[in-house]
Amino acid sequence: MRLKDKIAIITGAANGIGLAAAHKFAWEGAVAVICDLDPAQVSAAVAAVEAEGGQAEGHVVNVADRGTVDMMVAAVMARFGRVDILANNAGITRDARLVKMTEAQFDAVIDVNLKGVFHCTQAVADIMSAQGAGSIVNTASISGTHGNFGQTNYAAAKAGVIGMTKTWARELGPRNVRVNAVVPGSVQTAILDTVPEHVLDGIRNACWMRRLGRPEEVANVMAFLASDEASYVNGTALEVSGGISF
Ligand code: NAD
């Protein structure tokens with residue numbers, strides 16, 4: 001078990017990649033602290049992890065709302081007294097071409113995908129620094145490294161996540177707190193529900209493996225980066241895309 005007894009906060013953990021990470025982290029021995037928006041979805045995710053014999057607890061958290069983040073971290077500290085892992089995974093899309101994108105669409109994605117990562121990391125940074133140990137894994141995207149049609153807001157946020165990852169790796173590295181990012185290509189989750197099939201076909205063709213990824217294929221890499229096996233990996237943005245070129 002690579003994450004035995006680690007306390008692992010995972011945001012956006014009720015669905016998709018975050019839920020796969022909750023399962024994987026718990027399978028590796030961690031307590032999965034499942035954070036998401038909808039109470040029923042949070043309860044269902046906790047039950048699903050527990051049904052596999054894993055340890056989990058749920059919190060209703062909106063990462064864009066610093067107050068709910070702080071309440072969750074305070075509750076985790078009161079119960080466990082430490083935070084070993086933070087997976088900043090919550091994310092949304094509000095796609096539109098540049099000339100059609102509204103300020104509300106731009107702000108919504110920045111608030112969750114960029115500021116939410118800032119909120120959660122700031123909430124645990126002093127705790128991990130005082131412990132002299134911690135691992136933070138941010139979920140970026142190839143939209144942030146390559147850009148993507150219709151994703152001005154999302155690409156900006158994900159490029160920002162990579163920039164924050166490298167900044168925090170420098171700031172927190174001396175305290176043995178590692179900060180890394182996974183950079184997924186296109187992964188079969190609900191976030192792709194609004195993407196037309198012909199666009200998905202183009203994505204499959206751009207991928208050297210000619211298929212979309214599965215959530216657990218990203219979660220496996222997140223677990224590695226979170227674990228002590230990655231003890232000298234810091235400030236990296238690791239692409240998990242099956243190989244891709246545009
Ligand atoms: P998903 O929609 O299946 O899951 C995202 C989860 O985040 C949902 O459970 C949602 O409720 C939660 N969430 C949204 N806003 C939140 C908020 N304000 N506070 C807390 N939780 C919130 O999507 P996914 O594909 O699993 O996405 C997970 C991460 O992976 C996101 O950051 C996404 O940008 C990133 N990503 C996904 C893909 C892909 O192709 N699926 C590719 C690259 C990056």
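**Charged pairs and a pair of packed helices**

Let us start at Asp70, which is partly exposed, with a relative accessible area of 35% (buried means under 20%, exposed over 50%, and partly exposed in between, using a 1.4 Å probe and protein chains only). The model here is predicted, so local features need pLDDT of at least 70 and side-chain atom pairs pLDDT 80 or more, while totals for chains, interfaces and linings use all residues. Residues are numbered from 1 along each chain as its sequence is written, and side-chain values use heavy atoms, leaving out hydrogens and water.

Asp70 has a partner: it forms a salt bridge with Arg66, and their closest N and O atoms are 2.9 Å apart (a salt bridge is a side-chain nitrogen of Lys or Arg within 4 Å of a carboxyl oxygen of Asp or Glu). Both residues sit in helix α3, residues 66-80, and are four residues apart, about one turn of the helix (helices are DSSP runs of H or I with at least four residues, numbered from the N terminus). Arg66 is partly exposed too, with a relative accessible area of 25%.

Now look at Arg82, whose salt bridge with Asp84 has its closest N and O atoms 2.7 Å apart. Arg82 is partly exposed at 34% relative accessibility, whereas Asp84 is buried, with a relative accessible area of 8%.

Further along the chain, Glu197 pairs with Arg204 in a salt bridge, with 3.3 Å between the closest N and O atoms. Glu197 has a relative accessible area of 47% and is partly exposed; Arg204, at 22%, also counts as partly exposed. Elsewhere, salt bridges with shared partners join Arg2, Lys24, Glu28 and Glu229 into one network. The full count is 13 salt bridges.

Lys24 leads us on to the helices, since this residue of α1 is among those that meet α8. Helix α1 covers residues 16-27 and helix α8 residues 215-226; they pack at an angle of about 55°, with axes 8 Å apart (axes are lines fitted to C-alpha atoms over the stretch in contact, and angles run from 0 to 180 degrees between N-to-C directions). The two helices are therefore oblique to each other (under 35 degrees is roughly parallel, over 145 roughly antiparallel, 65 to 115 roughly perpendicular, and the rest oblique).

Which residues of α1 meet α8? They are Gly16, Ile17, Ala20, Ala21, Lys24 and Phe25, and across from them in α8 are Pro215, Glu216, Val218, Ala219, Asn220, Met222, Ala223 and Ala226 (contact means heavy atoms within 4.5 Å).
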